[in-house]
Amino acid sequence: MITEKLKKGQLLIAEPSIYGDVSFNRSVVLLADHNNEGSVGFILNKPLEYTINDLVPEIEVEFSVFNGGPVEQDNLYFIHNIPDLISDSIEISNGIFWGGNFETTRELLNKGVIKKDNIRFFLGYSGWDALQLETEMQANSWIVRDNNYKNAIFRKPTVDFWKDQIFELGGDYVIWSNAPENPMLN
């Protein structure tokens with residue numbers, strides 16, 4: 001039974017049992033929106049082999065682009081912690097903002113004003129229809145945690161982020177934090 005109400009800004013940590021799911025295996029998702037119509041989030045720890053310059057040649061920096069999720073993977077999204085510089089952004093929570101004026105963002109990136117720990121780019125997003133995420137939680141697919149990192153989450157290393165989150169849960173999860181991604185290789 002779900003005892004915690006989902007709200008935007010929380011982290012969804014994939015249970016170790018989500019083995020074999022290409023998108024969500026060992027994922028940490030920032031819940032960007034949650035309401036009666038559904039939920040939207042971005043996978044924080046799945047960098048792609050692309051940089052933003054590969055996708056938008058007018059941007060001269062080579063910041064990583066992440067797999068945001070399996071929905072609309074041909075669209076670019078971004079979250080950031082600098083709403084005073086990027087207008088028209090929407091606050092998720094804890095000083096993290098979604099989107100905003102892309103032309104301004106491009107200019108600030110090229111001028112070196114925006115740093116890697118200010119912004120994260122995604123191809124696609126993670127989306128759930130109304131009550132779908134709650135159903136997945138009842139099936140023990142996700143662990144919900146508050147984002148205690150607030151907008152400093154951009155500085156967290158992505159490679160071991162899931163492992164670190166699982167380890168912090170303690171108990172039986174500590175064992176899973178050290179297990180190989182493919183249990184067949186154990």
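Which side chain meets Glu103 in a salt bridge? Select Glu103 and Arg106 to find out: their side chains form the pair, with N to O at 2.3 Å. Keep in mind as you look around that this is a predicted model.

**First stop: within one helix**

Stay on this pair and show the backbone of helix α2, residues 102-110. Glu103 and Arg106 are 3 residues apart in this helix, so about one helical turn separates them. Now add the surface around Glu103: its relative accessible area is 39%, which makes the residue partly exposed.

A search of the whole structure finds 3 salt bridges, so there is more to visit.

**Second stop: loop to loop**

Next, select Arg155 and Asp117, a salt bridge whose closest N and O atoms are 3.4 Å apart. This pair links distant parts of the chain, 38 residues apart. Arg155 is in the loop between β10 (142-145) and α4 (161-169), while Asp117 is in the loop between α2 and β9 (119-129). Is Arg155 buried or exposed? With a relative accessible area of 54%, Arg155 is exposed. Asp117, at 30% relative accessibility, counts as partly exposed.

**Third stop: helix to strand**

Finally, select Glu168 and Arg145, where the closest N and O atoms of the salt bridge are 3.2 Å apart. Here Glu168 lies in helix α4 and Arg145 in strand β10, so the pair ties together parts that are 23 residues apart in sequence. Turn on the surface once again to view both partners. Glu168 is partly exposed at 45% relative accessibility, whereas Arg145 is buried, with a relative accessible area of 18%, because the cut-off for buried is under 20%.

Definitions and conventions
Residues are numbered from 1 along each chain as its sequence is written. This is a predicted model: local features need pLDDT of at least 70, side-chain atom pairs count only at pLDDT 80 or more; totals for chains, interfaces and linings use all residues. Side-chain values use heavy atoms; hydrogens and water are left out. A salt bridge is a side-chain nitrogen of Lys or Arg within 4 Å of a carboxyl oxygen of Asp or Glu. Helices (H or I, at least four residues) and strands (E, at least two) are DSSP runs, numbered from the N terminus. Buried means under 20% relative accessible area, exposed over 50%, partly exposed in between (1.4 Å probe, protein chains only).
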